[in-house]
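Open the model in your viewer and keep the selection tool at hand. The stops below say what to select and what is there.

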Amino acid sequence: MDSIPVTPWAPFPQPDAGSSVTGSTSRPRSVRTAEVDDEIKSGRAWAHEIRDPWDACILTLDGGGIRGYSSLLILQALFHEIHTVEKELETLEPLGGPFASFNEDDLLPCHYFDFMHGTSTGGLIGTMLGRLRMTLSECLSLYRKVGNDLFGHRRSNIPLRTKYYHKPLEAAVQEIVAKRCDEHDECDGKDHWHPWDILANDLERPFNPHKPRICQSCCLTAKDDSNVSVAHLLRTYAHWYNDDTPRWITEYNQGADKIKIWEATRATSAAPFYFEMLEAEVSNELTQYLDGGIRENNPSGAAWSEHHSMYLGGEEPALLLSIGTGRPDHSQDGFATAWPGPFGRLTVVRKALQKRAIFLNLLIKYTEGEKQHEAMKGHARGENTWYKRLNVSAGLETMPLDSWITGPWTDPATGNTVDTPGGTSLTQMQDVTRLYLTRDFDPHYDDYAPPSTILRQTAEKLVRQRRAREKLGGERWAVFVGERPVPVS
């Protein structure tokens with residue numbers, strides 16, 4: 001079946017005054033101020049600079065189960081800023097065209113990002129925004145529905161058995177695909193391929209990012225093979241390495257797995273003990289996929305490696321924005337503490353506590369994205385240029401991946417507050433994300449600026465990059481925004 005067609009073309013709640021997040025247990029960095037006069041160190045020079053309009057803008061999304069809702073809220077806040085910057089720059093230098101008059105809720109992230117990489121629920125979000133070209137309002141609504149369908153109905157309480165049914169996720173993605181298909185009267189959403197234009201293009205042909213193209217996405221999974229140290233990438237494009245590929249980057253699997261859209265989302269989110277693994281036939285071979293968080297929960301390193309293996313000129317991307325699902329709780333790191341009293345000296349008790357500590361530590365590392373963040377800051381020499389990360393610094397440390405607690409929640413569409421399944425969890429994520437995005441500079445967490453400044457600079461960079469592309473116009477711009485089909489060469 002052919003691919004689904006390309007679609008042509010509530011502000012995040014404002015915080016209470018004085019809101020802030022404090023209480024880090026990590027060692028504070030040297031004291032510095034949030035505002036820097038130097039244009040380069042402050043990030044202002046980067047936000048205004050356009051080196052090449054078609055330099056890549058990359059979005060990466062960590063895994064984190066239901067906490068991926070916080071990632072979507074951060075993106076919603078970003079696109080509220082984008083809407084503001086679009087209006088400001090249009091007033092200063094009118095371009096006309098569709099972007100001159102638009103509603104904030106109608107903005108498509110796929111018109112601002114060239115690549116979206118995601119792990120687990122981050123892969124689900126990247127697929128919705130990139131491959132299915134959805135708005136953030138649509139994604140937030142679907143995420144709430146899928147959250148209830150998945151985590152509101154437990155399958156089993158037996159240890160080591162999968163806790164939840166995976167069918168609701170498959171059905172939700174298939175429903176969205178079917179709604180976006182205008183080629184078949186009774187489409188069920190099951191037969192649309194994950195790679196773009198799979199029937200028109202040979203998947204053996206390397207993807208060329210310099211030719212007219214649309215937003216591409218990539219889900220990180222774990223595959224049962226000999227390469228156990230890195231993730232397996234499910235791409236919407238076929239990527240092949242060659243002799244010119246830099247030797248200092250990580251080489252992942254090549255090509256593009258010929259699987260369906262619903263299979264890709266199931267594969268990347270098949271977290272052990274939560275959902276069953278996906279089994280799919282790829283190249284006449286039965287393949288098993290698990291959640292990519294087993295390998296790389298923060299996909300920014302994979303995205304950076306992909307960029308440098310496709311863009312062989314050595315230039316960094318215009319932007320690599322990494323979005324997390326909340327900093328983890330480190331209180332369980334290390335060895336188990338002794339059980340108080342005389343029983344703590346018993347060998348069987350000590351061993352049991354050590355096993356429990358190891359298991360808890362595994363769960364912490366499974367959702368840990370900060371180690372990769374530190375590596376990315378090293379590649380970028382800080383966060384004041386092409387690399388940025390937004391990740392709630394406090395308030396989600398102890399929230400389980402499957403938290404779905406009934407309680408009060410305010411519907412953004414109606415403004416009504418009612419008790420609803422998952423309401424307490426959703427409200428907690430909304431509150432702590434809002435506090436994070438509006439808090440003051442905190443040297444425990446921030447390198448050069450508070451989150452609100454990073455949000456504003458990122459929005460300005462994306463808008464200026466998009467406007468520069470629109471000014472150039474031509475086939476490349478028309479294809480990117482969906483006004484023309486991708487040419488087949």
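Start with Pro53, in the loop between α1 (44–48) and β1 (57–61); helices (H or I, at least four residues) and strands (E, at least two) are DSSP runs, numbered from the N terminus. The model is a predicted one, in which local features need pLDDT of at least 70 and side-chain atom pairs count only at pLDDT 80 or more, while totals for chains, interfaces and linings use all residues. Residues are numbered from 1 along each chain as its sequence is written, and side-chain values use heavy atoms, with hydrogens and water left out.

**Pro53 and helix α11**

Pro53 counts as buried, at 18% relative accessibility. Buried means under 20% relative accessible area, exposed over 50%, and partly exposed in between (1.4 Å probe, protein chains only). Add Ala318 to the selection: 265 residues separate Pro53 and Ala318 in sequence, and their C-alpha atoms are 8.7 Å apart in space. Then show Gln465, Ala468, Arg469 and Leu472, which Pro53 touches when residues up to four places away in sequence are not counted. Contact here means heavy atoms within 4.5 Å.

Next, select helix α11, residues 451–472. At 1.5 Å a residue, its 22 residues should span 32 Å, and the end C-alpha atoms are 32 Å apart, which agrees. The expected span is 1.5 Å times one less than the number of residues. Colour α11 by accessibility: 17 of its 22 residues are buried, so the helix is mostly covered. Just after α11, Gly473 takes a positive phi of about 65°.

**Helices α3, α5 and α6**

Select α3 (residues 121–131) and α6 (residues 261–268), whose axes come within 8 Å and cross at roughly 155°. That makes α3 roughly antiparallel to α6. Axes are lines fitted to C-alpha atoms, for helices over the stretch in contact, with angles from 0 to 180 degrees between N-to-C directions. Angles under 35 degrees count as roughly parallel, over 145 as roughly antiparallel, 65 to 115 as roughly perpendicular and the rest as oblique. On the α3 side, show Gly123, Leu124, Thr127 and Arg131; on the α6 side, show Ile261, Thr265 and Thr268.

Now add α5, residues 167–179. Its 13 residues should span 18 Å at 1.5 Å a residue, and the end C-alpha atoms are 18 Å apart, which agrees. Buried residues of α5 include Leu169, Glu170, Val173 and Ile176. The buried residues of α5 pack against α3, α4 (136–151) and α6.

Stay in α6 and pick Arg266. Is Arg266 buried or exposed? Arg266 is buried, with a relative accessible area of 3%. Leaving out residues up to four places away in sequence, Arg266 touches His166, Leu169, Glu170, Glu276, Met277 and Leu278.

**Strand β3 and its partners**

Select strand β3, residues 216–223, which is mostly covered, with 7 of its 8 residues buried. Strands pair if DSSP finds at least two bridges between them. Which strands should be shown beside β3?

- β2 (residues 115–119) runs parallel to β3, with 5 bridges; Thr119 has Leu220 in β3 as its bridge partner.
- β4 (residues 232–235) pairs with β3 in the antiparallel sense over 4 bridges; Cys218 has Arg235 in β4 as its bridge partner.
- β6 is antiparallel to β3, joined by 3 bridges; Lys223 stands opposite Tyr289 in β6.

**Loops and a hairpin**

Most residues other than glycine have a negative phi. Select Ser283, in the loop between β5 (278–282) and β6 (285–291). Ser283 is not a glycine, yet has a positive phi of about 55°, and it is exposed, with a relative accessible area of 67%. Arg381, in the loop between α9 (370–380) and β8, also has a positive phi, near 60°. Arg381 counts as exposed at 75% relative accessibility.

Move to Gly395, in the loop between β8 (387–390) and β9. Gly395 counts as partly exposed at 26% relative accessibility. Its contacts, apart from neighbours within four places in sequence, are Gln428 and Val432. The C-alpha atoms of Gly395 and Gly326 are separated by 7.7 Å, with their positions 69 residues apart along the chain.

Finish at β9 (residues 407–410) and β10 (residues 417–420), which pair in the antiparallel sense over 4 bridges. Gly407 has Thr420 in β10 as its bridge partner. The hairpin has 6 residues between the strands, and in it Gly415 takes a positive phi near 80°.
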